[in-house]
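Me: Please take a close look at one part of this model, the Ig-like fold. Then set it against its surroundings.

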Amino acid sequence: MPVRRDDGHVYLADYQPPAWRIPHADLRFDLDPDATEVEARLRLEPARPGEPLLLDGEDLELLAIELDGQPLPPERYDYDGQRLCVHGVAAACELRTRVRIRPAANTRLEGLYRSGSLLLTQCESEGFRRITFLADRPDVMPTWRITLRAERRAYPVLLANGNPVGSRELEGGRHEAVWENPHPTPGYLFAIAAGPLARVSTTLTTAEGRRVELNVWAEAGDVERCRYALGAVERALRWDEQRFGRCYDLDVFNIVAAQDFTMGAMENKGLNIFNARYILADEATATDTDFLAIESVVAHEYLHNWSGNRVTLRDWFQLSLKEGLTVYRDSEFSADLHSRALKRIEVVRLLRGRQFAEDAGPLAHPVRPQRYREISNFYTLTVYEKGAELIRVLQALVGDEAFQAGMARYFADNDGRAATLEDFLAAHAAASGRDLSDFARWYAQAGTPELRISASFDEASGDYALEIIQSQPATPGQPGPKAPLPIPLRFALYGPAGQRVGAAPQTDAPVRGDLLELREARHVLRWPGLGFQPLPAFNQGFSAPVRLRFDYTPAQLATLARWEADPFSRWDLLQQLAVQAITGTDARVAATEALREVLAGLLADDGADPAFVAECLALPDFDTLAEAVPVVDPQALAGARESLLATLAAALEQPLRQRYAALAAAAGGGLQASAMAARALRNACLDWLGHLDTVPAQTQFDATATMTERLAALRVLLHRQAPGAEAALAAFRERFAGDPLVTDKWIGLVATRPAADALADVQWLLASPWWKPANPNRVRAVLGNLSRGNPLAFHRLDGAGHRLIADQVAAIDPINPQVAARLLGAFEGWRRLRSGLRESAEAALASLQDRLASADGRDLLDRLRA
Ligand code: ARG
Ligand code: ZN
């Protein structure tokens with residue numbers, strides 16, 4: 001049981017193994033939305049004799065308690081609403097409890113709750129204790145028998161973890177289903193789902209010869225839109241067999257889609273529960289981006305069956321051991337199935353735009369934190385995305401073959417165990433023969449490392465050299481100095497005509513081909529007598545999650561963008577060029593011209609992948625730009641970005657129109673890569689053209705059958721305030737009125753219109769029937785989009801945007817603390833705002849001091865204000 005110190009934090013250093021083991025749990029539910037009764041029989045065994053028997057249980061109404069069949073008198077136990085302590089037990093025993101819980105009143109969506117006509121659960125991290133008593137920690141792993149009883153009419157389908165082992169009719173229109181989960185499984189992976197569910201289904205045989213039924217369940221009207229997700233499960237299952245040799249291990253794999261869900265999805269053993277937005281899709285209601293996101297989240301949760309479930313966590317400090325690893329695995333899955341380069345671009349955009357910002361602000365923390373007050377606040381970009389990058393760093397350091405062997409060893413050595421990062425590193429150290437203690441620092445030190453690189457060339461001798469200096473920023477609780485990290489840095493040198501220089505440098509850092517391994521704070525690479533001044537390029541494929549500083553002129557960036565073969569690097573160089581064109585001072589004009597020239601070339605190149613060209617047209621987003629400047633002036637940044645777009649759109653109008661028209665046939669319909677790519681580039685062109693002319697957007701809006709094209713057109717009409725915008729919005733709203741996920745889409749467009757007065761539209765939404773503060777997707781659609789996707793309205797000069805978000809955080813905190821805390825995170829960059837806005841953000845945060853009651857909200861507020 002994690003002990004909190006007096007400062008309110010749980011510390012990694014205080015970890016103690018469980019005092020009691022729970023080899024088996026037998027649960028019986030009498031399900032009812034208003035009052036569900038849960039009877040639990042826990043087999044208990046002392047692991048360290050003499051320790052008291054303590055179980056977690058939050059806000060449970062205790063109806064009965066028995067030890068080994070004997071009712072316990074009140075003096076034998078204490079329950080304070082958080083913890084049950086049973087006195088005077090020293091030996092193995094069976095504890096039986098009966099509690100009452102209230103799903104319909106559960107707006108936190110942790111534990112058992114109601115969503116529409118369904119009853120379902122969310123237990124990670126500490127939600128199980130809101131269902132019944134258990135040592136609710138990931139290293140306590142019972143096997144399970146779960147009996148569900150409910151009224152048949154309202155709850156015809158009854159699902160739980162594991163395999164179905166029986167069902168029967170009961171008196172009074174009730175029925176019963178029994179499930180068994182034979183795999184040792186911690187409470188956070190427990191799940192049940194009940195309701196009028198319909199399914200799409202398929203069966204297959206695993207590589208080990210097991211027959212498995214795959215089902216994706218949703219409320220009846222939605223079931224046809226589950227087919228794509230079902231296909232994604234099958235693809236993920238096969239991929240894990242082929243790439244990692246991992247097979248599925250139960251007779252059924254169930255997924256349930258729910259409209260009310262706090263996060264994306266949850267990997268409960270054999271019964272994944274999903275936010276409906278990551279399941280439901282057809283071409284009329286979901287965009288191509290939605291389809292790809294569905295496939296990747298379905299894969300993510302499926303892949304957790306090995307990285308998370310079969311091998312689980314010893315404690316919550318190890319969270320990235322499952323999350324970083326599983327994000328790595330799902331992104332490899334997407335890269336293998338589709339385009340590796342495009343997947344890398346997507347991942348790096350998120351990392352550089354958002355994770356770097358997290359790492360640079362008041363919420364920065366190591367991938368493995370040392371302490372937490374509320375673990376829910378550590379489901380972060382750092383734990384997930386940076387954690388995934390660290391797996392990639394490890395792979396680069398040890399090489400592909402040793403990495404693959406290390407993964408096999410990790411799974412084999414830790415199967416059925418609750419593991420730590422040390423176990424993971426030990427498996428990789430054994431497989432690669434490499435001492436990984438330096439690599440472990442990546443998990444302990446917060447902040448994004450910076451590499452400053454400078455070149456020198458001696459005309460007389462022809463000697464060329466690069467000096468690379470590594471530094472680590474100070475972060476909250478880690479003032480430094482920090483030790484250097486092992487950084488795998490790819491690099492290339494180009495001669496005057498674009499030929500790759502093959503000569504290896506003289507250096508004290510290990511070099512393997514084009515991969516340099518930085519180990520010290522400073523390394524020098526020398527090419528004596530090279531004879532000319534080459535053009536260097538670095539970090540191809542984003543081999544290391546670092547900020548890299550090298551002084552390029554716009555012309556050099558444009559040249560490299562032509563010479564580099566790797567599409568990711570070419571995209572990256574164009575992003576840097578765009579950053580110069582937007583935030584630069586002297587280089588601005590030259591950068592704009594260079595960018596125009598390269599983009600003109602790309603638009604004219606029929607051989608270039610249209611999806612790649614679309615990525616190149618997508619200028620760095622606001623977050624990425626904000627990361628490139630020391631003080632953030634939202635109005636100036638957004639204005640400069642906007643004017644660059646307008647300039648380039650005018651200069652490239654003809655090629656944009658031509659490309660848009662030429663791709664019409666290819667964009668028609670279907671989910672094949674060529675159609676998706678055509679739609680992506682057409683929509684990018686449409687967006688740029690929108691700066692000059694909204695007629696093509698109106699035409700596309702009226703004519704298309706796909707959501708991908710319809711939504712992109714509506715976005716241009718709304719954001720450019722085209723004459724037909726209001727009518728188009730009304731038509732869209734009407735057409736999809738019954739669909740909450742599509743409703744979230746138009747709301748998102750309204751909330752992100754890039755103008756200060758979009759705040760009035762958000763206020764209108766908050767007063768409308770569309771506002772549903774208890775539905776997390778709707779909160780994100782309205783307020784997440786405003787705070788994270790609309791800098792001009794959120795950072796309004798009069799402070800109204802900051803106040804609105806703060807007030808809404810206060811209003812949502814008592815409903816769903818995790819959602820409120822997420823929203824509050826939008827203030828993470830407040831200290832770097834220009835003066836005026838900084839004060840307004842500070843005042844908005846101060847106004848929350850006495851308005852947040854939840855542990856989630858208070859923890860985040862204190863860290864933001866520290
Ligand atoms: N494990 C889930 C995933 O696949 C996310 C659970 C999030 N839990 C939370 N308390 N925020 O990533
Ligand atoms: Zn996950």
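Reply: **The Ig-like span**

UniProt, in an unreviewed entry, lists residues 447-550 as "domain: Peptidase M1 alanyl aminopeptidase Ig-like fold". UniProt positions follow the numbering used here, feature names are shortened, and annotations may be inferred rather than shown by experiment. This is a predicted model: local features need pLDDT of at least 70, side-chain atom pairs count only at pLDDT 80 or more, and totals for chains, interfaces and linings use all residues. Residues are numbered from 1 along each chain as its sequence is written, while chains are lettered from A and ligands numbered from 1 in the order in which they are written.

Start with content. Residues 447-550 are 0% helix and 41% strand. Helices (H or I, at least four residues) and strands (E, at least two) are DSSP runs, numbered from the N terminus. The end C-alpha atoms of this span lie 20 Å apart.

Now the strands. β28, β29, β27 and β31, in that order, make an open sheet with antiparallel pairing. Its edges are β28 (511-512) and β31 (535-538), each paired on one side only. Two strands pair if DSSP finds at least two bridges between them. β28 meets β29 (residues 515-518) over two bridges, in the antiparallel sense. There, Val 511 stands opposite Leu 516 in β29.

Next, the domain assignment. The protein chain is divided into domain 1 (312-444), domain 2 (450-554) and domain 3 (736-866). These bounds come from an automatic or database domain assignment. The C-alpha centres of domain 2 and domain 3 lie 42 Å apart.

A second UniProt record, also unreviewed, gives residues 555-863 as "domain: Peptidase M1 alanyl aminopeptidase C-terminal". That span is 69% helix and 0% strand. Its end C-alpha atoms lie 43 Å apart.

Another sheet is worth a look. It is open, with eight strands in the order β6-β5-β9-β3-β2-β12-β15-β14 and mixed pairing. The edge strands, each pairing on one side only, are β6 (70-71) and β14 (163-169). β2 (residues 20-30) and β12 (residues 143-151) run parallel, joined by seven bridges. Asp 30 has Arg 149 as its bridge partner in β12.

Last, the ligand. The residues around ligand 1 include Glu 124, His 300, Glu 301, Glu 323, Tyr 379 and Gln 818. A residue is near a molecule if its C-beta atom, placed from the backbone, lies within 6 Å of it. β20 (265-266) and α2 (288-303) each supply at least two residues of this shell.
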